[in-house]
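Here is a friendly walk through one protein structure, taken a piece at a time. Keep the 3D view open and look for each residue as it comes up.

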Amino acid sequence: MSLPAGYAAVAEAAADLAGAVIRPLFRSALLVEAKGDASPVTEADRAAEWALREHLLGAFPDHGVIGEEHGSVRPEAEWVWVLDPIDGTRAFVTGRPLFGTLIGLLHRGKPVLGVIDQPATGERWLGVAGEPTRFTGPFGGTPGCRPCPDLAAAELSCTSPAIFRPEEYAARDALCGAVRRVTWGGDCYSYGLLALGLVDLVVDSTMKPWDWAALVPVVEGAGGAVTDWDGKPLTLESDGTVMAVGDRALLGPARRILRDGKAG
């Protein structure tokens with residue numbers, strides 16, 4: 001399907017608004033509180049999501065919203081925006097520019113638009129279903145995943161060793177042992193780097209819809225693929241496992257290692 005005219009522009013304008021909230025608070029003295037899952041929540045998280053919601057629902061009052069900080073509105077709607085104002089909050093509160101604002105749009109449950117915005121560095125990825133991914137930023141970079149059909153030559157990135165469930169540790173360790181090199185940290189930023197051809201494989205677990213909805217169109221528009229660990233498309237009912245590859249030839253070998261590791 002073709003995305004209706006104006007949707008991408010509205011999403012980018014929303015990212016601009018969120019960035020205006022987030023930038024003054026980055027590396028400032030923030031009051032950080034713990035929420036139920038022990039991840040830090042800041043003033044920036046909450047205020048940025050409100051800015052996103054007000055803008056998107058103001059433009060599209062019949063759309064739904066699923067957000068990390070403020071819950072859901074009409075999640076059964078045909079069009080649903082999925083928001084993570086600061087993906088990588090731990091990086092944000094420790095002053096590392098490896099976080100990002102994620103704005104995803106689902107059409108009948110399928111990701112069709114995604115924005116990864118890094119407000120501190122001025123980098124932005126925009127993915128629209130059926131179109132090449134666009135990237136803007138001061139450091140250069142051209143969207144397009146690189147060829148890497150051999151797992152042994154692949155650069156793997158994972159958000160954190162702790163993001164995996166205990167029953168997945170063996171699979172995680174087996175995959176780490178099968179690639180050229182592993183880097184930890186990065187959250188959504190790693191998926192942006194994959195879309196620039198700088199990373200070959202990103203594997204995570206315990207991901208929520210707001211963690212992955214924006215990533216799918218960005219990676220796919222750069223020539224890559226995003227699935228769960230079984231190779232299935234991500235949906236709101238997915239199990240939280242996520243695997244992104246730049247070269248689709250990596251899907252099979254990585255999936256087999258993850259499957260065998262979980263089974264063992």
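## A pocket and its lining

Let's begin with the second largest pocket, where strand E13 gives the most to the lining, with three residues. Before going further, please keep in mind that this is a predicted model.

How much space lies in the second largest pocket? The answer is about 170 Å³. Its lining is made up of Gly109, Lys110, Pro111, Trp212, Val216, Glu220, Ala225, Val226, Thr227, Pro233, Leu234 and Thr235. The elements that each supply two or more of these residues are E7, helix H7 (215-221) and strand E13 (225-227). Sorted by character, the lining has seven nonpolar residues, three polar ones and two charged ones.

## Salt bridges

Now for some charged partners. Side chains of opposite charge can pair when their charged atoms come close. How many salt bridges does a search of the whole structure find? It finds eleven.

One of them joins Asp117 and Arg124, with their closest N and O atoms 2.7 Å apart. Are these two partners buried or exposed? Asp117 has a relative accessible area of 5%, so this residue is buried. Arg124 also counts as buried, because its relative accessibility is 11%, and the cut-off for buried is under 20%. The pair belongs to a network of salt bridges that links Glu12, Asp16, Asp117 and Arg124.

## Two more pairs to find

Next, look for Glu155 and Arg180, which form a salt bridge with the closest N and O atoms 3.7 Å apart. Glu155 sits in strand E10 (residues 155-158), while Arg180 is in the loop between helix H4 (169-178) and strand E11 (181-184), so this pair ties together parts that are 25 residues apart in sequence. Here the surroundings of the partners contrast: Glu155 is buried at 11% relative accessibility, whereas Arg180 is exposed, with a relative accessible area of 54%.

Another salt bridge brings together the side chains of Arg165 and Glu168, at 2.6 Å from N to O. Arg165 counts as partly exposed, because its relative accessibility is 25%. Glu168, at 1%, counts as buried.

## A threonine in a loop

Where is Thr121 found? Look in the loop between strand E7 (110-118) and strand E8 (123-128). Although a loop is its home, Thr121 counts as buried, because its relative accessibility is 18% and the limit for buried is under 20%.

Which residues does Thr121 touch, leaving aside its neighbours within four places in sequence? They are Pro97, Pro138 and Phe139. The side chain of Thr121 also makes a polar contact of 2.8 Å with the side chain of Glu123.

## A covered helix

Our last stop is helix H5 (residues 188-195), which is mostly covered. Of its eight residues, seven are buried. The buried ones are Cys188, Tyr189, Ser190, Tyr191, Gly192, Leu194 and Ala195. Just after H5 comes Gly197, a residue that takes a positive phi of about 80°.

Note on methods: Residues numbered from 1 in each chain as written. Predicted model: local features only at pLDDT ≥ 70, side-chain atom pairs only at ≥ 80, totals over all residues. Heavy atoms only, no water. Helix = DSSP H or I, 4+ residues; strand = E, 2+ residues; numbered from the N terminus. Buried < 20%, exposed > 50% of the residue type's maximum accessible area, 1.4 Å probe, protein only. Polar contact = N/O pair within 3.5 Å; in protein donor to acceptor, adjacent residues only side chain to side chain. Contact = heavy atoms within 4.5 Å. Salt bridge = Lys/Arg side-chain N within 4 Å of Asp/Glu carboxyl O. 1 Å grid on protein atoms, 1.4 Å probe; cavity = no way out; pocket = protein on both sides within 12 Å on 5 of 7 lines; lining within 4 Å. Points joined across faces, edges and corners; volume = space filled by probe spheres on them. Nonpolar A, V, L, I, M, F, W, Y, C, P; charged D, E, K, R; others polar.
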